[in-house]
Structures are given as C-alpha cells and as structure tokens.
Amino acid sequence: GTMGEPEDFNGRIIDLNSSFSTHAEALNSCFGYHYVQFQKAYKNLDNGYAVWFPRIARRIGNQYLSSDQYWGWLNIISENGDTITQMDNPDYPYAGGEPDKNKRIIFARFEGDNKYRFVGVYMFEQRFSNGESFKRIGTKLDTKTMKIIE
C-alpha cells in the first residue's frame, strides 16, 4: 500500500461487545493503523467510511450535560442506540456546509466508562438548525471487507 496504508491487514469482526481503551487502539486493532496515539475524534478512512469517537452526554432528569470538555458538543444516543444526535454548543456554532456523506463507524465513550464502545455503523439522517442526527444501519462490521454483517 501507499504511505501510511495498512499492509496485509486481516481485519476483524466488531460488534456491540467490542470496546477499546483509546482511539489509537481502536484504529490499529480494527483498521490496521500503527498509531501510538490519535487524539482527534474523527478519522476519515477514505473509503466511504469514517470513524467517530463521540463522548456521550450524561442525562440528568430531562437535561443533558456535555461530557466533551473540549468543544462542548452534546452527543445524545437514543435508548435503543438507533440514533445519535450531535448538537452544538452556543460557544462553537454549528459548522455549515454539506452534510458528511461518510458512513460513521462509531465508538462511543459513556460517562463514567473509560472505554470506547462500538455502538454501530451510522449514516447521516437529518440536519437541524443546531446539529444533526445519524441513523444506525448496522451493529456488526467486518473491518477487512468493510461489509456490514447485521
């Protein structure tokens, strides 16, 4: 492969039981990268997919509290996991432009949990004035063929 591309990587099957300690561990283990660390929450795989590591907001009564101390995004996952909504913080207005067409392979970090758990493969659903939502299209992925199994 070209620079930085995984060589002869066998891939693996990831499902809702898959979790990783760090972004780098998830990217290396699932996609054959060799990162020592990777801090960004979003990685474009350049094949129609991207990997996203959102921190999920904590729910207190009917209020949500951002777990993302960096940007204050409010990432909310529905109870059944089928929808993830990303709302902006008034301090960092929502970026305009075209919706991201990549399917997102999402490893979510929940409050009080120090792991990034695979919650599924999602695609862009809709945009609101202050955010957008993504709908789950798969819960099991073969990271070698990039095929959704279920």
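Two strands pair if DSSP finds at least two bridges between them. Keep that rule at hand as you work through these exercises on a predicted model.

**Exercise 1. Getting an overview**

Find how many helices and strands the chain has, and the order in which they come.

*Solution.* Start by counting: the chain holds 1 helix and 13 strands. Next, read along the sequence, and you get the pattern β-β-α-β-β-β-β-β-β-β-β-β-β-β.

**Exercise 2. Strand 2 and its partner**

Work out which strand pairs with strand 2, and which residue stands opposite Phe20.

*Solution.* Begin with strand 2, residues 19-20. There are 2 bridges from strand 2 to strand 10, residues 116-128. That number meets the rule of at least two bridges, and the two strands run antiparallel. Now look across from Phe20: Tyr116 in strand 10 stands opposite.

**Exercise 3. Following Tyr122 in both directions**

Strand 10 also pairs with strand 9 and with strand 11. Find which residues stand opposite Tyr122 in these two strands.

*Solution.* Take strand 9 (residues 103-108) to begin with; 5 bridges link it to strand 10 in the antiparallel sense. Here Arg104 is the residue opposite Tyr122. Then turn to strand 11 (residues 131-138), which is joined to strand 10 by 7 bridges, again antiparallel. On that side, Tyr122 faces Arg136.

**Exercise 4. The hairpin**

How many residues lie between strand 10 and strand 11 in their hairpin?

*Solution.* Follow the chain from the end of strand 10 to the start of strand 11: 2 residues lie between them, and the two strands form a hairpin. For one of the bridges in this pair, look at Gln126, whose partner in strand 11 is Ser133.

**Exercise 5. The surroundings of strand 11**

Why can strand 11 be called largely enclosed, and which strand pairs with it besides strand 10?

*Solution.* A residue counts as buried when its relative accessible area is under 20%. In strand 11, 6 of the 8 residues are buried, so the rest of the structure largely encloses this strand. For the other partner, go to strand 8 (residues 83-87), which runs antiparallel to strand 11 and is joined to it by 5 bridges. Within this pair, Ile84 has Phe134 as its bridge partner.

**Exercise 6. The chain as a whole**

What percentage of the 150 residues is buried, and how much area does the chain expose?

*Solution.* Buried residues account for 42% of the 150. The chain exposes about 8700 Å², and carbon and sulfur atoms supply 49% of that area. Finally, consider contacts between residues at least 6 apart in sequence: 48% of them join residues at least 24 apart.

Definitions and conventions
Residues are numbered from 1 along each chain as its sequence is written. This is a predicted model: local features need pLDDT of at least 70, side-chain atom pairs count only at pLDDT 80 or more; totals for chains, interfaces and linings use all residues. Side-chain values use heavy atoms; hydrogens and water are left out. Helices (H or I, at least four residues) and strands (E, at least two) are DSSP runs, numbered from the N terminus. Buried means under 20% relative accessible area, exposed over 50%, partly exposed in between (1.4 Å probe, protein chains only). Contact means heavy atoms within 4.5 Å. Accessible areas come from the Shrake-Rupley method with a 1.4 Å probe; for residues, only the protein chains shown count as cover.
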